[in-house]
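Trainee: I should like to go through the reasoning behind some structural terms. May we take them one at a time?

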Amino acid sequence: MDDSYTNFPTSHLVGSVPAVVTEEKNSYKPQAPAANSPILAPNNGPNAGRGYQTLGGEGDGQQSTNKWNGVFSVSSYTEYFNVDTDLVLNRLMSSLNPTTGDFFSKIDANPDLYGLIWISTTLVFVLSSIGNCATYLMQSDSNSSWNFDVNYVNVAACSVYGYALLVPLGFYFLIRYMGISASLIRFWCLWGYSLFVLVLSSFLLIIPVEFVRWTITIAAATTSASFVALNLRTYVQSDDLMIILVASFALQAALTIFIKMWFFS
């Protein structure tokens, strides 16, 4: 009896499942996107329901933030003060010999802001102190009392720092407007070292002889203005070069005459 149950065909039973015939099907194999196809990332931000966003959006914002952080970081400007004594002395001597016109070639590999900061600061303190000494010597023969004029410090700081920062910035935008490539750091370096001759002339302007003072002023103005103009001539190649040279010469000479009129009159 047991053999009758075992030999019973199962295909006639109610609820039996027929054998499944397997067939070879074409399987789907996902392929990696091409190298030049854009890769989209899911938008997980506040607008998550608006599909996908391109990769790099947040990276661009991060790069912009890092760029502005570099502008206000002191470490970003340390390379412009990486100079030694011999290099600074060489550039100072070049400012006293304006006829060569090769200052930009000397600072091309390593422009510095030493002249902009330290020479300008030295000129401010020299004008404030020597200017008061000059007024003391001029009034020593008279019976009028002499007082130290603190306003000399304010006027010297505003005029020197304002000139050393804004005038090169103005020429930089002017030259870039003409379609000529320019470097603001190199312009600041040039104008900064051009003030060195004014530091030396300020010590000589203490002489209480008006004719000698004006002679020193004219010599200092010519040297400083020629240093700027002749170096700009080798740097800028434009049809409007004469306008740039005349403007730079006039502004540099005007600063020297202003120093004479205000601090040593």
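Trainee: What makes residues of helix 6 count as buried, and which are they?

Mentor: This is a predicted model, and buried means under 20% relative accessible area. In helix 6 the residues that meet this cut-off are Y152, V155, A156, S159, V160, Y163, A164, V167, P168, F171, Y172 and I175. An α-helix has 3.6 residues a turn, so residues three or four places apart point the same way.

Trainee: Against which helices do these buried residues pack?

Mentor: Contact requires heavy atoms within 4.5 Å. The buried residues of helix 6 pack against helix 5 (114-139), helix 7 (184-194) and helix 10 (241-263).

Trainee: Why is helix 7 called mostly covered?

Mentor: The cut-off is again under 20% relative accessible area, and 11 of the 11 residues of helix 7 are buried. Among them are R186, W188, W191 and Y193.

Trainee: How do you know what span to expect of helix 6?

Mentor: The expected span is 1.5 Å times one less than the number of residues. For the 27 residues of helix 6 (151-177) this gives 39 Å, and the computed reach from first to last C-alpha is 38 Å, so the two are close.

Trainee: Where does helix 6 bend, and what makes that a bend?

Mentor: Axes are fitted to the seven residues ending at a residue and the seven starting there. At Y163 the angle between them is about 30°. Just after helix 6, G179 takes a positive phi of about 85°.

Terms used. Residues are numbered from 1 along each chain as its sequence is written. This is a predicted model: local features need pLDDT of at least 70, side-chain atom pairs count only at pLDDT 80 or more; totals for chains, interfaces and linings use all residues. Side-chain values use heavy atoms; hydrogens and water are left out. Helices (H or I, at least four residues) and strands (E, at least two) are DSSP runs, numbered from the N terminus. Buried means under 20% relative accessible area, exposed over 50%, partly exposed in between (1.4 Å probe, protein chains only).
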